[in-house]
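Student: Before I accept any label attached to a structure, I would like to see the value behind it and the cut-off it is set against. Could we go through this one in that way?

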Amino acid sequence: MGGTASTIIIVIILAVILFFAVKSSISHFRGEGGCCGGSGKEKRIKPAKLDNVIASKRVKIKGMRCENCNIRVQNALNRVEGISAKVNGERQEAVVQMGREIDDSEIRKIIDNLGYNVESIENL
C-alpha cells in the first residue's frame, strides 16, 4: 500500500508541473510571455516619421521567437534618434530607414545587446 500511495503522489506532482509548463508555453507562443527578458506587456513604439530618409536597410536577425521578441527589437531600434524601423518576425528581419548617417556596426550592436544575432545588413 505504501508503494501505491507514493506513486500517486509522484503522478500528482508531475501532473501539476506539466500543467504549469503547458500554461506558460501557450502564452509564450501567443507572444504574451516574457520569454526574452520582457514582461510580455511592452508596448510597441511606432516608427518615427523621418523628414529626410537618406538610407534604408534590411537587417536579417536570428533568434526572434515570438511577438515579444519582435517588439523588443523594434523598440530598441526606434529609440535611436534618426531611425525608423519595422520588424517582421515571420521573415526574421527589420527594415530600417535612417534620417542620419548610422553605421551598420551601431545597428548590429543594438540588436546583439538584446541577445539576438544579426545575420546580414543590406542596403535597399
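Tutor: Read from the N terminus, the elements of the chain follow the order α-β-α-β-β-α-β, which gives three helices and four strands. Please keep in mind throughout that this is a predicted model.

Student: What makes E1 and E3 count as paired strands?

Tutor: Two strands pair if at least two bridges are found between them, and strand E1 (residues 55–62) is joined to strand E3 (residues 93–98) by six bridges, in the antiparallel sense. Within this pairing, Ala55 has Met98 of E3 opposite to it.

Student: Which other strand pairs with E1, and in what sense?

Tutor: Strand E4 (residues 117–123) pairs with E1 over six bridges, and this pairing is also antiparallel. Here Lys57 of the one strand stands opposite Asn123 in E4.

Student: How do you know that Lys60 and Glu93 form a salt bridge?

Tutor: The criterion asks for a side-chain nitrogen of Lys or Arg within 4 Å of a carboxyl oxygen of Asp or Glu, and the N to O distance between the side chains of Lys60 and Glu93 is 3.3 Å, so the pair qualifies. Since Lys60 belongs to strand E1 and Glu93 to strand E3, the pair ties together parts that are 33 residues apart in sequence.

Student: Why is Glu93 called buried or exposed, and how does Lys60 compare with the cut-offs?

Tutor: Buried means under 20% relative accessible area, and Glu93, with 5%, is therefore buried. Lys60 has 27%, which lies between the limits of 20% and 50%, so Lys60 is partly exposed.

Student: Which residues are linked with these two in a network of salt bridges?

Tutor: The network of salt bridges links Arg58, Lys60, Glu93 and Glu122. A search of the whole structure finds seven salt bridges.

Student: What makes Glu119 and Lys62 a salt bridge as well?

Tutor: Their closest N and O atoms are 3.9 Å apart, and this value meets the requirement of within 4 Å, so the label holds. Glu119 lies in strand E4 and Lys62 in strand E1, so this pair ties together parts that are 57 residues apart in sequence. Lys62 itself is partly exposed, with a relative accessible area of 46%.

Student: Why is the contact between Arg72 and Tyr116 called polar?

Tutor: A polar contact needs a pair of N or O atoms within 3.5 Å, one able to donate a hydrogen and the other to accept it, and the side chains of Arg72 and Tyr116 are joined by such a contact at 3.3 Å. Arg72 is found in helix H2, and its relative accessibility of 15% is under 20%, so Arg72 counts as buried.

Student: How do you know that Gln74 is buried or exposed, and what does its side chain approach?

Tutor: Gln74, which lies in helix H2 (residues 67–78), has 4% relative accessibility and therefore counts as buried. A polar atom of the Gln74 side chain lies 3.0 Å from the backbone nitrogen of Val87.

Student: What makes the pair of Phe19 and Phe20 stacked, tilted or edge-to-face?

Tutor: A pair of aromatic rings is described by the distance of the centres and the angle of the planes. The structure holds one aromatic pair. The ring centres of Phe19 and Phe20 are 5.1 Å apart, which is within 6.5 Å, and their planes stand at 75°, which is over 60, so the pair is edge-to-face.

Student: Which residues form the nonpolar patch on the surface, and how do you know that Phe20 can belong to it?

Tutor: The patch is formed by Ile8, Ile12, Val16, Phe19 and Phe20, with about 500 Å² of accessible area together. Patch members need over 30% relative accessible area, and Phe20, at 48%, satisfies this condition and counts as partly exposed. Ile8, whose place is in helix H1 (residues 2–29), has 47% and is partly exposed.

Student: What is notable about phi of Gln92?

Tutor: Phi of Gln92 is near 55°, a positive value in a residue other than glycine. Gln92 is found in the loop between strand E2 (83–88) and E3, and its relative accessible area of 22% makes it partly exposed.

Conventions. Residues numbered from 1 in each chain as written. Predicted model: local features only at pLDDT ≥ 70, side-chain atom pairs only at ≥ 80, totals over all residues. Heavy atoms only, no water. Patch = residues over 30% accessible without salt bridge, like charges linked within 9 Å, V, L, I, M, F, W, Y side chains within 5 Å. Areas by Shrake-Rupley, 256 points an atom, 1.4 Å probe, with all protein chains shown as cover. Helix = DSSP H or I, 4+ residues; strand = E, 2+ residues; numbered from the N terminus. Buried < 20%, exposed > 50% of the residue type's maximum accessible area, 1.4 Å probe, protein only. Phe/Tyr/Trp six-rings, centres within 6.5 Å; stacked < 30°, edge-to-face > 60°.
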